[in-house]
Amino acid sequence: MMRKQIAAANWKMNLSLQQGEQLINDLLSKPHDLKENQLAVFAVPAPYLMMAQEKMGTKNRVAVAAQNCYSKKSGAYTGEISVEMLNSIGVKYVVLGHSERREYFNESNQFLAEKIDISLSHHITPIFCCGEPLQIREEGTQNAYVAAQLKESLFHLTSAQLVNVVIAYEPIWAIGTGKTASSDQAQEMHAFIRAELAHVYGKETADQISILYGGSVKANNAVELFSQPDVDGGLVGGASLIADEFVAIINALK
Ligand code: PEP
């Protein structure tokens, strides 16, 4: 099976409903050629999920994602979003473990494992984010750091479950900083992640997993990053808020 090449937009906490609608209208009106193995995913703020779902839910090769969900099915968890709620509006993807969630909301690898489990049990594909802070990169221990994130949040899964996970490698020092990992640095870590997956689940399973790169992906660096053999697209923040930029990023997919 050929793994999917994915351009994922992460709007974060930006835009009004009207601006969000306008951005989706602009994106849908621009020519893009998503091939059979390619997908564009839009992680929009929770209040806009239904709007995005109405505009894109029936389109091929386009999907809507939540930016987060909670680890419990339902109940007294004021302010949280459940996977059952996402199911009920047809949302099929959720971003989990973004570095901003880890940093500002103290989400641990163990807590994320619970979110991964509940998402998969409700047929929602997690886009699981991992990646090291600058200090770890400077110490040169990024491989061990990312390996622990994978182990503690994902490696309890069966391979039948794991193939329904998308991984996004996002070095924290490259997020929103304008500092992109070089395509060699990205490829090196992506190959390492795939080797870790292969070590636990075998090569055939590892080869099915899409591993996205995130960290200041722009129209002008996407082709080079995505052309690396183990880079299967990108998770894009800032540049996903500009229709022309994001369409160019979609068109840079392999
Ligand atoms: C992100 O939020 O996942 C991200 C990579 O942001 P940016 O593209 O703005 O660096």
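**Exercise 1.** In this predicted model, which backbone atom lies 2.8 Å from an oxygen atom of the ligand, and which side chains also make polar contacts with the ligand?

*Solution.*
- Step 1. Start with the backbone. A backbone N or O atom of Gly237 lies 2.8 Å from an oxygen atom of the ligand.
- Step 2. Turn to side chains. Lys12 places a polar side-chain atom 2.7 Å from a ligand oxygen atom. For His98, the distance from a polar side-chain atom to a ligand oxygen atom is 2.9 Å.
- Step 3. Apply the cut-off. A polar contact is a pair of N or O atoms within 3.5 Å.

**Exercise 2.** How much of the ligand's accessible area does the protein cover?

*Solution.*
- Step 1. Take the ligand on its own: its accessible area is 290 Å².
- Step 2. Add the protein, which covers 97% of that area.

**Exercise 3.** Which residues around the ligand come nearest, and how does the shell divide by class?

*Solution.*
- Step 1. Count the residues around the ligand: 14.
- Step 2. Pick out the nearest: Lys12, Glu170, Gly176, Ser216 and Gly238.
- Step 3. Sort the shell by class. Four residues are nonpolar, eight are polar and two are charged.

**Exercise 4.** What lines the largest pocket?

*Solution.*
- Step 1. Find the space: about 510 Å³ lies in the largest pocket.
- Step 2. List the lining. There are 19 residues, and Lys12, Met13, Gln67, Asn68 and Arg101 are closest to the centre.
- Step 3. Look for the largest share. Helix 4 (residues 99-104) gives three residues.
- Step 4. Sort by class: 10 nonpolar, five polar and four charged.

Technical notes
Residues numbered from 1 in each chain as written. Predicted model: local features only at pLDDT ≥ 70, side-chain atom pairs only at ≥ 80, totals over all residues. Heavy atoms only, no water. Near = heavy atom within 4 Å. Polar contact = N/O pair within 3.5 Å; in protein donor to acceptor, adjacent residues only side chain to side chain. Areas by Shrake-Rupley, 256 points an atom, 1.4 Å probe, with all protein chains shown as cover. Nonpolar A, V, L, I, M, F, W, Y, C, P; charged D, E, K, R; others polar. 1 Å grid on protein atoms, 1.4 Å probe; cavity = no way out; pocket = protein on both sides within 12 Å on 5 of 7 lines; lining within 4 Å. Points joined across faces, edges and corners; volume = space filled by probe spheres on them. Helix = DSSP H or I, 4+ residues; strand = E, 2+ residues; numbered from the N terminus.
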